[in-house]
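Grab your viewer and work through these exercises on pockets and cores. Each task comes with a solution in steps.

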Amino acid sequence: MPAAPLPEDEAGRLAALRSYAVLDTACETAFDEIAQLAARLTRRPIALVSLVDADRLWAKARHGVDLTEAPRDLAFCAHAILEPGRPLVIPDTRADPRFADNPLVTDDPGLRSYTGVPLVNTEGYALGTLCVLDHAPRVTSEEELDILASLARSVSTALELRRAMRRMHALAVTDGLTGLPNRSAMMTALDATLTERRPFSLIFIDLDGFKRVNDTLGHAAGDAVLRAVAEVLQAATRPGDSPARLGGDEFCVLLGETSGAERLAEQIRGALAARMQATGWAVTASIGAVGFDIMPDSAEAALGVADAMMYAAKTGGKDQVRSMRYEVPGPLQQAG
């Protein structure tokens, strides 16, 4: 049984597929109904909205079969995506040397006919297919091909809408200048942490001397400073840490633990100072670090505690870290 060759620009096709963030997601009515309609209108017992991943076929929607995924080298759809502009019609799988000894044909579920219309996205990549199958040989009429082509376009439209909504959400929670999550994203992450009642830490960063850069060198230089800060934060933080730009020259990092916040804050302070000095900007950072062993009243309250520690660092001489453990509600007890 020969496996299907890879499409041209398979890397680009896979990147496009993953841009939809649809693989391994839950069932969705829009796709389920299209699969059901495809089966009904073509009088086939089985229909799939299939997506061809690197090494598997994954069914976003299925009708008449429990198949959720299959190895790519067994998937009929891996052949169908090779010609994005044409449906693949196999009236009898046993009569086709590509599929005659395929376990999906010879064993359960015993698939004897296949018709798949590629799901082609706006960049021209075939992401998968809308396909219908039968346990008996079947000839697909021109009318049925027209129906499937129309339904396949509906699937592609639904996928594009999903991707557009995902991009809009990303824009809504991303700072346009630095590419970091914005204040809204940070507050959402904090709310989720408080809901789960997990210990956490906050590092609050405010730049010293930033206004002078803006006033003397201009806003383009100020923007460059902010982007440099974002790069330092992304380099210094670890997987699982959540850096964000709160606004202006204020930044924050959320950590899912109470240990290590002061150490990371010092690392960030030193890295920022070195980066700014190397570029010739007279900018440093005042930083507050707080470990929360118990939950504050709200996300805003948590941010307020970290902000207060940052202010203590700023009034204490700038370019330094002040830290504490938030263990008991009440007046702040400074630990460092």
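Before we start: helices (H or I, at least four residues) and strands (E, at least two) are DSSP runs, numbered from the N terminus. This is a predicted model, where local features need pLDDT of at least 70, side-chain atom pairs count only at pLDDT 80 or more, and totals for chains, interfaces and linings use all residues. Residues are numbered from 1 along each chain as its sequence is written, and side-chain values use heavy atoms, with hydrogens and water left out.

**Exercise 1.** Find the mean pLDDT of the protein and the stretch where pLDDT is below 50.

Step 1: pLDDT is the predictor's confidence in each residue, from 0 to 100. Its mean here is 93, with 97% of residues at 70 or more.
Step 2: The stretch is 330-336, which has 13 contacts (heavy atoms within 4.5 Å) beyond near neighbours in sequence.

**Exercise 2.** Describe the largest pocket and its lining.

Step 1: On a 1 Å grid over the protein atoms alone, a pocket is an open set of points where a 1.4 Å probe fits, with protein on both sides within 12 Å along at least five of seven lines; lining residues have an atom within 4 Å of a point.
Step 2: The volume is about 200 Å³, counted as the space filled by probe spheres set on the points, which are joined across faces, edges and corners.
Step 3: Of 17 lining residues, L48, L67, L104, P109 and L111 are closest to the centre.
Step 4: β1 (46-52) and β6 (126-134) each supply at least two lining residues.
Step 5: Sort by class: Ala, Val, Leu, Ile, Met, Phe, Trp, Tyr, Cys and Pro are nonpolar, Asp, Glu, Lys and Arg charged, and the others, Gly among them, polar. You get 15 nonpolar, no polar and two charged residues.

**Exercise 3.** Which element gives the largest share of the lining of the second largest pocket?

Step 1: This pocket fills about 160 Å³, and P84, V117, P118, A149 and A152 sit closest to its centre, out of 13 lining residues.
Step 2: β5 (113-120) and α5 (142-172) are the elements giving two or more.
Step 3: α5 wins, with five residues.

**Exercise 4.** Pick out the hubs of the largest nonpolar core.

Step 1: Such a core joins buried (under 20% relative accessible area, 1.4 Å probe, protein chains only) Ala, Val, Leu, Ile, Met, Phe, Trp, Tyr and Cys residues through side-chain atoms within 4.5 Å.
Step 2: Among its 30 residues, I203, I205, L207, V225 and I268 touch the most other members.
Step 3: α8 (219-236) is one of the elements supplying at least two residues, and its nine are the largest share.

How values were computed: Buried < 20%, exposed > 50% of the residue type's maximum accessible area, 1.4 Å probe, protein only.
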